[in-house]
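Student: I would like a close look at one part of this model, the helix packing. Could you take me through it slowly and then out to what surrounds it?

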Amino acid sequence: MPRPGPTKEKTIGLFLLGLILFNPPFLNIFNADKQASIFDIPLLYIYLFVAWIVLIFLVAVTAAKPSASVSLDPPIPQKERHKGDIT
Amino acid sequence: MLAPWFVFFVSIGYLCLLFAIAYYGDSKADRGHSIVRNPYIYSLSLAVYCTSWTFYGSVGRAASGGVGFLPIYLGPTLMFTLGWFVIRKIIRISKTYNITSIADFIASRYGKSHLLGGLVTIIALIGIMPYISLQLKAVSNSYDILVRYGGEAIVATSASGSVLTDTALYVALLLAAFTILFGTRHIDATEQHQGMVAAIAFESIIKLMAFIAVGLFVTFTVFDGPGDIFLQASTRPELETLFTMDHLGDGQWWGLMFLAMVAVVCLPRQFQVGVVENMDENHLAKATWLFPLYLFAINLFVLPIAMGGLISFGGININADTFVLAIPISEGNTWLALFAFIGGLSAATGMVIVATIAISTMISNDLVMPLLLRVGQLHLSEKKDLSGLLLGIRRAAIVFIILLGYSYFRLIGDSYALVTIGLVSFAAAAQFAPSIFGGIFWRGGTHSGALIGLVAGFIVWAYTLMLPSFARSGWIEESLITMGPFGIEILKPYALFGLEGLDNITHALFWSMLVNIGCYLFFSINGTPSALERNQATLFVEVFRQRSGRGESDVFWRGHAAVDDLISLAERFVGKSRAQRGFTAYARENNLNLQTIPTADADLVKFTERLLAGAMGGASARILVASVVKGEGVRVDEMMEIVDEATQVIEYSHELEKAHTELKKANEQLKELDRMKDEFLSTITHELRTPLTSIRAFTEIMQADPNIDSDRRQEFLDIVVKEADRLTRLVNQVLDLAKLESQRFDWQIEAFDLPELALDGTRRVEQLLEQSRIALSLNLSPDLPPVLGDKDKILQVIINLVSNAQKVMETTGGTLDVTVSKTEEGALVTITDNGPGIAEEDKHKIFDRFYQARQQESGNPMGVGLGLSISQKIVEHLNGRIWVESELGVGSAFCFTLPFTDTK
C-alpha cells in the first residue's frame, strides 16, 4: 500500500490518547477531589475542556502536513472525470 | 414578550434568507464556481451534527447531569482524530463508486443488494423519526416560550390540544416545504446539493454565534464571570452532584462516547454532508480538527448557562431544556432571546433539511425504485423521461418523513427530554456501524452477516428503546416496562435478561450491538459469499489500491450493449442534458467517438452504471444497466463460482507474471527489430552505392572522352550493363523481401512435380556451371508424389541455392550435386557443393539478411546476401524447412523440404 506510515500511526496514537484522556478510569483522577477548583471553576470541568482543546491542537498539528500522503495516493480519475458533469 | 406575528415573520424571513443562500450557491455551482469547495465550509457543514438537541438539550442535560452531556461531543472528536484514516476511506469509496447514501453504501458493499439497501432505508427512516420529532418539539416549544413567557413558570403545552392549533404541525409543514425547495429544486436528480451545503454552513455560524452570545450574556452580564457562577452553585447542596461524575456510571459514559463516535459517521445526515457532499477528500485534513473545534466552542458555555439557569430560576419549575431562551427573556433582553430563537431554529432546520434529504434519497433509490423495477411498472421499453418521477418520489418522501416525525412527536409528547429522544436515534444509527466499519476494513464481511446483524440489532433496538417509549406515552400498556411482556420478567425491555444497573440507552446499546456484531461476525465467517460480494468487498477494502480509469478490471460486465441504448437509458433517469454532458465528457476523455462505435465496451457500460448510480443508487443502476446489456450480461455466479477465491488470486498473479515476461520479451524483440531495421537500411544503402558508383564512373569516363576507342567503350558499357543488372536484382530482392515480410506476397499455391522443377532450375544455370568447370550430378527420385507450393517461388529458391553453390566454387571448380528424395516430412531437396564450407558459428547466421554481403568484402560481387533470407521465408511460408549442413574444407549442403499434397 502506497500510503505513508506516519499519518496513520499518529492518527491511531492520537485516538488512543483521546480514548484514555476522556474516559474513566483516567477521568476519575479529576473527579476524586470534589472541592478542587481553579479560579473557582471545578477541576473536572477545567480538565475536560483543557484536555479537549489540547487534543484538537495535536490533531491540527498532525493534519497540517498530510501532503505526503496526499501525493502518494493514486489520484481519483473517476471523481475528476465526473466533477463537472455528474456531481 | 414578542408578538406572535413578529416572531413568525422573522422566522419566515430567516428561512427565506437561507433559501437565497442556497439558491446563490446552486447558481454559482451551475456556472462552475463553487462557493462550498473549501475545507471551512465543509467543516461548518459537518456541524449539522449540532441540532436543537445541542442548542437546547445540552443545557437541559447539564442541568441534571453535569458533564454527562460531553461524551456526545467527545465521541465525534475521537472519531475525527481517526478521520484521515477512516472517514477518508469511506469518502474515497463513495466517490469512486458514486455512492449516494448510507443505504447505497451498505448495499453496494455487500454485493449491490436491494434487500440490504431497503432494510437500511427502513431502519434509518424509523430510527430517525424520534430525532425529527425532537427538532419539531424544540422549535415549537421555543416559539411558545418566546411569545407566551412572561417570567413566571410555564409548562410547554405543545403536545396537548388539537392538531390544528398545534404550533409543531405548522413548523413541520413549513420545514417540509423548505426542504423540498432546498433538496429537490433541480430538475435533474443529482446527489450533491451545493446550495444546501452553503445554507447549512451559514446556519452553523448562526447557531454558534447565538449560543455564544447567550453564553457570554449569562456568564458576564447576569453573573460575574464563570467563577462566580460555579462558586454560587457550589453553595447549593442540591447542585452538588453536578460537579462530579459519580452519578454517571462508567458504563453510561463509555456507552455515550461510543454511540456518538459511530453516530457522527453513521447518521444519515452526517453521511450526507460528510461523505456525499464532500467536494474534495483533502478538505477532511482540516476538518479533522476544525469540526471538533466547533464542537468545543459550542459546548464551552453549556455548563455556565445550565448552572446560571438553575441558580436564577431557583425553585421555579422551568424546563432546563429552555434555559437558553428563558434566561434572556427573564432578564428582559428580548432581542437576545430572539437571536437565540433564530439560533435554535437554525440548529433544527439544518438537521431536518439534511436528514430528510438524505433519507428521501434513500427511499427513492433504495426502496421505491427497486420495487418499481421489480414489479416492472416503469415500462423500461418505452422511451420517456423518468427523472421527473425520481424527483416526485423524493418530494413525497420528504413530506412523509417529516409528518412521520410529527406523529411521533404527538405520540410521545413531553414524556422525554430532548437528549433522551435524540439518543434513541443515535442508537438506531449505531446499528449501521458493524456493516460499515467491518465492510471497509474486513474483506470477510458478507451479505448474510450484514443482513442478519442489522435485522437482529434493529429488533433489539426497537424492543428495548422504541417500544418502551410508546409504553411510556401510554400508547401501549405501561406494564410492558414494569412487568415485562405477558408478565415475563426476564424480557423487561429496560432490563433484558435481568441486566440492570445501566441506563436505558447503554442497556439497549449493549444488547443491540452484541447481537448485531455477533451475527455479523458469525454469519460472515460461516457463510460463503457470492462472487459479486467478494468482488465488491475487495473493491471497498482495497479502494486505495485501485487505479480507476479505462480498462479497470470489472469482470462483471461481459456482455455488450448498444451505445444508443445506454445513452437513452441514462437520459431517462438523470435528464437529457446531464446525460449528454456526461457522455460527451467521457468520449472526449477517452478519445472515442460515440457516434461511430455501435456497441459499448465494458468500461462504457460501467460508466453508465455509475452515472445512473449517482441519481438512483448502485443497486437500481445495476438492474437498469442489466436490462440493456445484451448477450451474456451478468454471468457472474456461474463464471466465478467455479474458481475459489484463493486459486483465483494465485492464478491472477501467475497470469500477471506471465504477462510481464511476455511483455519483456516483446519489448526485447521490438528493440532487436529496430536495430535490425537500422542495420538493414545502412547495408542496403551501401549495396546500392557500389554499383551506382561504378556505373557513374564509367559513364563519366565515356562522357569526358568522346575519342575513346570502341573496344574500351564496349568493355565499359558491358560493365555498366552488368552493374545495372545487379542493381535491378538487388532492388527486386529487396522488394521481394519487403513483400514477404509484410505478408503481401501473391502466392499461387498448386500441386507440382518437384524433381521436374529441380531439373528446370538447374538447367538455367548449367551454362554458368560449365564456365566455372563445375561438374553437375543430378539424383532425382523418379516417382515422387506431387508437392504443394508455389512453383515460381520454389524455382527461385532452387536457382538461388544452385547459383550460390556455383559462386563458392567459381574459382576452384568442383562438383555440384542436386538430389531430390522422399522423407517423412515430404520432398527433400539437397544441393551439395565441395567449396570451402561454412564455419559452425556462421551456420545459423547465414540466413540473415545481408549476411553474405558482410562476408564478401573481396569476394563475389554478384551476391547481395538477400537470396538465402528470401529462400528461407518462402520455404517456411510453404510449411517447409530449410537448413544447411557443412564442414569447413569439405563443402556445404543446403537442404529444404516441401510437404506432399497428401501430408498434412
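Student: How close do the axes of H9(B) and helix H13 (residues 283-299) of chain B come, and at what angle do they cross?

Tutor: Happy to, bearing in mind that this is a predicted model. The axes of H9(B) and H13(B) approach to within 9 Å, and their crossing angle is roughly 30°. On the H9(B) side the contact is made by Leu208(B), Phe211(B) and Ile212(B), and on the H13(B) side by Tyr294(B), Ala297(B) and Ile298(B). Sorted by character, the residues of this contact are six nonpolar, no polar and no charged.

H9(B), which spans 194-222, also has a part in the packing of helix H10 (residues 225-234) of chain B. In H10(B), the buried residues are Pro226(B), Ile229(B), Phe230(B) and Ala233(B). Viewed down the axis of H10(B), these buried residues fall within an arc of 90°, so they line one face of the helix. What they pack against comes from both chains: strand E2 (41-42) of chain A, together with H9(B) and helix H14 (302-313) of chain B.

That strand leads us to chain A. Chain A has four helices and two strands, and from the N terminus its elements run α-β-β-α-α-α. Of its 87 residues, 28% count as buried. One residue to look at here is Val59(A), in helix H2 (residues 43-63) of chain A. Is it buried or exposed? Val59(A) has 28 other C-beta atoms within 10 Å, and 20 or more are needed to count as buried, so Val59(A) is buried. Leaving aside neighbours within four places in sequence, Val59(A) is in contact with Leu14(A) in its own chain and with Thr81(B), Thr288(B), Trp289(B) and Pro292(B) across in chain B. Leu14(A) is 45 residues from Val59(A) in sequence, yet their C-alpha atoms are 7.3 Å apart in space. The numbering also brings us back to our starting point, as H13(B) covers residues 283-299 and Val59(A) touches Thr288(B), Trp289(B) and Pro292(B).

Now let us step back to the nonpolar interior. The largest nonpolar core has 235 residues, and those touching the most other members are Ile106(B), Val120(B), Cys266(B), Ala306(B), Ala427(B), Ala430(B) and Leu612(B). Helix H16 (residues 334-375) of chain B supplies the largest share of this core, 23 residues. The core also draws at least three residues from each of domain 1 (4-25 + 34-376 + 385-432) and domain 2 (558-637) of chain B. For a view from inside, take Val120(B): beyond its neighbours within four places in sequence, Val120(B) is in contact with Ile102(B), Ala103(B), Ile106(B), Ala107(B), Asp366(B), Phe432(B) and Leu454(B). Apart from the largest core lies another, of 31 residues, including Val765(B), Ile798(B), Val808(B) and Leu828(B).

Finally, two loop residues of chain B deserve a glance for their backbone. Arg773(B) has a positive phi of about 60° although it is not a glycine, and its place is in the loop between helix H32 (766-771) and strand E4 (774-780). Arg773(B) is exposed, having 12 other C-beta atoms within 10 Å. Asn879(B), also not a glycine, has a positive phi near 65° and sits in the loop between helix H35 (867-877) and strand E8 (881-887). With 15 C-beta neighbours inside 10 Å, Asn879(B) counts as partly exposed.

Key: Residues numbered from 1 in each chain as written. Chains lettered and ligands numbered in written order. Predicted model: local features only at pLDDT ≥ 70, side-chain atom pairs only at ≥ 80, totals over all residues. Arc of directions from axis to C-beta. Contact = placed C-beta atoms within 7 Å. Axes fitted to C-alpha atoms, helices over the stretch in contact; angles between N-to-C directions. Nonpolar A, V, L, I, M, F, W, Y, C, P; charged D, E, K, R; others polar. Core = buried A, V, L, I, M, F, W, Y, C linked by C-beta atoms within 7 Å. Domains from an automatic or database assignment.
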